[in-house]
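I opened the notebook to go through charged pairs, one helix contact and two loop residues. The entries follow in the order I looked things up.

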Amino acid sequence: MISLLPQHTNYSSMNTKNSADHVMVRELNLSLVLRYIHNEAPLSRARLAEMTGLNKSTVSSLVEELIERGLVHETGVNSLGKARPATLLEVNPQAGGIMGVALGVDFVAVALTNFIGEILWRRMESADPADGQEKTLEKTLKLVDEAITACRPKKLRILGLGLATPGTVDLNEGVLIFAPNLHWHNVPLRKIFSEHTSLKIFIENDANAAAIAEHLFGIARHCQDFVFVFAGIGIGGGLFLNGELYRGSNGYAGEIGHSSIMTEPAQTSCHCGNRGCWETHANQYSIIQRVQARMEVKRSSIISKLLSEQNVPLSISIIKQAADVGDVEAIESFSEAGHAMGQGFAGLINIFNPEKIILGGPLSMAGQYLLPAIEETVSLHSLPEIGRQAKVVLSNFGPDASLIGAIAIVVDDVLANPTHVERR
Ligand SMILES: [Zn+2]
């Protein structure tokens with residue numbers, strides 16, 4: 001009898017451990033199957049078993065649970081070829097709504113999408129960094145309220161709210177640590193948005209969020225090593241290495257624009273407090289300053305005419321319009337910034353040996369004028385065998401990169417943790 005007691009205790013703890021392991025393995029497998037369906041759909045259960053290496057009955061049970069949670073649905077029958085017709089599965093667009101919020105330096109944008117990223121509601125408003133934190137956040141929360149009201153008649157459960165912001169983010173605390181171009185420090189964004197909406201809040205740096213979006217829905221879907229460059233007023237990077245977002249030791253990796261790559265001229269002040277940061281030579285402001293300098297020396301350009309006709313201040317959009325009708329000053333200004341970007345890209349290519357560098361964010365709207373200069377400089381300044389195989393490509397999301405990124409971080413969490421979504 002005495003000897004049974006410890007044995008009994010052992011069995012009991014082992015059973016608890018086994019069942020905990022069993023739950024964990026099932027959760028990992030649910031996530032695995034859901035990711036395959038998300039990335040490769042439409043898929044049959046048999047094909048899923050082949051791809052995941054799980055047996056068919058396990059796959060059927062996992063699929064059943066994903067269907068019960070409303071994340072997957074049957075979409076039709078594959079009757080092609082000689083094989084027996086098989087029911088196909090895909091991710092259910094109606095699994096739930098996703099709220100995306102992009103805090104830009106000069107804009108705020110909010111979108112509501114279904115589970116496959118189709119936009120149901122979207123609004124963007126301009127913002128001025130001089131407006132200050134309180135006013136900009138108030139404006140953003142108002143847009144979020146409008147999106148929630150618009151969603152109500154659709155009876156769509158909202159799976160979460162993703163927030164993409166420039167600057168360094170403490171993911172554990174949900175705090176924006178420092179956004180140089182906004183001059184914001186230590187803003188408890190998760191707390192602010194959670195108290196206002198009662199939704200589950202996800203926060204990520206804008207370039208990291210956009211990189212996740214490219215991997216989930218964009219041109220890096222099957223790419224394991226790439227760098228996403230978010231180019232606008234600031235220049236940030238999202239590093240995807242070995243198929244995963246690389247965050248660095250504190251989670252702040254990817255602040256590529258604040259490296260002092262340019263030695264000459266190195267005197268331009270950056271909003272981060274340093275001088276000579278690479279982004280000051282390649283960002284939105286640098287292009288506007290180049291155009292202004294050219295106009296001061298009275299070069300002939302259609303830009304002055306466009307400004308007076310449209311009664312607006314000088315912007316990238318105006319410079320792009322001028323470039324589109326062949327204006328040399330506009331085209332050369334983009335090209336100079338493209339050469340500066342190329343120097344930064346060459347450094348990234350030499351260090352990370354990526355398959356792709358994806359240019360996205362507001363400046364990608366002028367991608368056609370930037371890319372030739374970027375490619376020329378990359379081939380000059382990267383090591384030949386590394387530079388040759390790295391492709392510089394434009395994001396399909398254009399200026400919406402951070403907004404789609406905000407949606408993507410919520411989708412990514414659901415794919416990683418399908419059991420967090422309740423059964424219907
Ligand atoms: Zn800087």
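Entry 1. I started with K200, which is partly exposed because its relative accessible area is 41%, between the cut-offs of 20% and 50%. The model I am reading is a predicted one. I then looked for a charged partner and found D413: the two side chains meet in a salt bridge, N to O 3.7 Å. I placed K200 in the loop between α5 (189-197) and β11 (201-205), and D413 in helix α14. The pair links distant parts of the chain, 213 residues apart.

Entry 2. I asked how many salt bridges the structure holds. I noted 19.

Entry 3. I went to R122 next and found its side chain in a salt bridge with that of D400, at 2.3 Å from N to O. R122 sits in strand β6 (residues 119-126), while D400 is in the loop between β16 (391-394) and α14 (401-416). This pair also links distant parts of the chain, with the two positions 278 residues apart in sequence. I checked accessibility on both sides. R122 counts as partly exposed because its relative accessibility is 34%. D400 has 18% and therefore counts as buried, the cut-off for buried being under 20%.

Entry 4. Which residue forms a salt bridge with E336? I found R290, with the closest N and O atoms 2.9 Å apart. E336 lies in helix α11 (residues 328-352) and R290 in helix α8 (residues 284-296), so the salt bridge ties together parts 46 residues apart in sequence. I wrote down E336 as partly exposed, at a relative accessible area of 34%. I wrote down R290 as buried, at 18%.

Entry 5. I stayed with α11 and looked at its packing against helix α10 (residues 316-324). The two helices pack at an angle of about 120 degrees, and their axes are 7 Å apart. That angle makes α10 oblique to α11. I recorded the crossing of α10 and α11 as left-handed. On the α10 side, the contact is made by I316, I319, K320, A322 and A323. On the α11 side, A330, I331 and F334 make the contact. I sorted the contact residues by class and got seven nonpolar, no polar and one charged.

Entry 6. I returned to charged residues and found a network of salt bridges that links R26, E65, E68, R69 and R423. I picked R69 from this network for a closer look. R69 is in the loop between α3 (56-68) and β2 (72-78). Is R69 buried or exposed? Its relative accessibility is 8%, so R69 counts as buried. Leaving out residues up to four places away in sequence, I listed what R69 touches: R157, P418, T419, V421, E422 and R423. R423 is thus on my list of contacts of R69 and is also a member of the salt-bridge network.

Entry 7. I looked up H258 last. H258 is in the loop between β14 (244-245) and α7 (279-282). With residues up to four places away in sequence not counted, H258 touches P180, C270, C272, C277 and E279. I also took the distance to S286: H258 and S286 are 14 Å apart in space, C-alpha to C-alpha, and 28 residues apart in sequence.

Terms used. Residues are numbered from 1 along each chain as its sequence is written. This is a predicted model: local features need pLDDT of at least 70, side-chain atom pairs count only at pLDDT 80 or more; totals for chains, interfaces and linings use all residues. Side-chain values use heavy atoms; hydrogens and water are left out. A salt bridge is a side-chain nitrogen of Lys or Arg within 4 Å of a carboxyl oxygen of Asp or Glu. Helices (H or I, at least four residues) and strands (E, at least two) are DSSP runs, numbered from the N terminus. Buried means under 20% relative accessible area, exposed over 50%, partly exposed in between (1.4 Å probe, protein chains only). Axes are lines fitted to C-alpha atoms, for helices over the stretch in contact, and angles run from 0 to 180 degrees between N-to-C directions. Angles under 35 degrees count as roughly parallel, over 145 as roughly antiparallel, 65 to 115 as roughly perpendicular and the rest as oblique. A crossing is left-handed if the near helix is turned anticlockwise from the far one by less than a right angle, and right-handed if clockwise. Contact means heavy atoms within 4.5 Å. Ala, Val, Leu, Ile, Met, Phe, Trp, Tyr, Cys and Pro count as nonpolar, Asp, Glu, Lys and Arg as charged, and the others, Gly among them, as polar.
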